[in-house]
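Trainee: I would like to go through this structure with you. Can we start with the cysteines and then move on to the fold?

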Amino acid sequence: MVKVEVEYCGVCNFSGQCHLLREFLLASSPDLDISCHKGRRGSFEVAIDGQLVHSKLSCLAFPQHASVLAQVQKAERGEPVEKVLEQPIKDCVVM
C-alpha cells in the first residue's frame, strides 16, 4: 500500500487544499493511505512513501493533483517517484 503524507500550514488555512488532494487521489486509488497534518507556516509538503515530491516552501506553489496521482501510480507499480509539477501561480500580487 502506498502512503501519501501531506504537511500543510494551519495558520494559512491550507487544510481545504489537503482534503481536495486527498479526495482526488482516493477517487482513482481507493487503497491509498493518505494523511493530512498541520505543520510549518506556509507549508504544503507532499511525500510518497517517505520521499518528498512537492514542497510549497521551496516553490511557493501548490502541486498539480494529476501530477501527484501519476507519481502515486508509479509508486503502486514499484517504480521510483519523481518531483511533481506545480500549479501555476495566478492570484499573486506584489505590492
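Mentor: Start with the covalent link. In this predicted model, a disulfide joins C18 to C36, with the sulfurs 2.0 Å apart.

Trainee: How many disulfides does the structure hold?

Mentor: The cut-off is a sulfur pair within 2.5 Å. C18 and C36 meet it at 2.0 Å. The count for the structure is 1.

Trainee: Which hand does the link of C18 and C36 have?

Mentor: Look at the torsion about the S-S bond. It is -95 degrees for C18 and C36. That link is left-handed.

Trainee: Which elements does the pair link, and how many residues apart are the two cysteines?

Mentor: The pair links distant parts of the chain. C18 sits in helix α1 and C36 in strand β2. Their separation is 18 residues.

Trainee: Is C18 buried or exposed?

Mentor: Buried means under 20% relative accessible area. C18 has 1%. Its partner C36 has 24%, so C36 counts as partly exposed. C18 itself is buried.

Trainee: What about C12, buried or partly exposed?

Mentor: The relative accessibility of C12 is 31%. C59 has 26% and is partly exposed. C12 is likewise partly exposed.

Trainee: Now the fold. In which order do the elements run from the N terminus on?

Mentor: The protein has 3 helices and 4 strands. Read from the N terminus, the order is β-α-β-β-β-α-α.

Trainee: Which strands stand at the edges of the sheet?

Mentor: The sheet is open, its 4 strands are ordered β2-β1-β3-β4, and the pairing is mixed. Two strands have a single partner each, so one side of each lacks a neighbour in the sheet. These edge strands are β2 (33-38) and β4 (51-55).

Trainee: By how many degrees are neighbouring strands of this sheet turned against each other on average?

Mentor: Direction is ignored in this value. The average turn between neighbours in the sheet is 20 degrees.

Trainee: How many bridges join β1 to β2?

Mentor: Strand β1 covers residues 3-8 and runs parallel to β2. One facing pair is K3 and D33 in β2. The number of bridges joining β1 to β2 is 6.

Trainee: Which strands does helix α1 touch?

Mentor: Helix α1 spans residues 15-28 and packs on the sheet. Its direction makes about 180 degrees with that of β2. The strands touched by α1 are β1, β2 and β3 (44-48).

Trainee: And helix α3, at what angle to β3 does it run?

Mentor: Helix α3 covers residues 65-76. It lies across β1 and β3. The angle to β3 is about 20 degrees.

Trainee: Back to β1. Which backbone nitrogen lies 2.8 Å from a polar atom of the side chain of E7?

Mentor: E7 is in strand β1. At 13% relative accessibility, E7 counts as buried. Beyond its neighbours within four places in sequence, the contacts of E7 include H37, G39 and F44. The backbone nitrogen in question belongs to R40.

Trainee: What radius of gyration does the protein have, and how does that compare with a compact globule?

Mentor: The C-alpha trace spans about 45 × 20 × 20 Å along its principal axes. For 95 residues, a compact globule would be near 12 Å. The protein agrees with that, at 13 Å.

Trainee: Last one. What share of the residues counts as buried?

Mentor: The cut-off is again under 20% relative accessible area. Of the 95 residues, the buried share is 39%.

Terms used: Residues numbered from 1 in each chain as written. Predicted model: local features only at pLDDT ≥ 70, side-chain atom pairs only at ≥ 80, totals over all residues. Heavy atoms only, no water. Pairing = 2+ DSSP bridges. Axes fitted to C-alpha atoms, helices over the stretch in contact; angles between N-to-C directions. Contact = heavy atoms within 4.5 Å. Buried < 20%, exposed > 50% of the residue type's maximum accessible area, 1.4 Å probe, protein only. Polar contact = N/O pair within 3.5 Å; in protein donor to acceptor, adjacent residues only side chain to side chain. Rg over C-alpha atoms; globule rule 2.2 N^0.38 Å.
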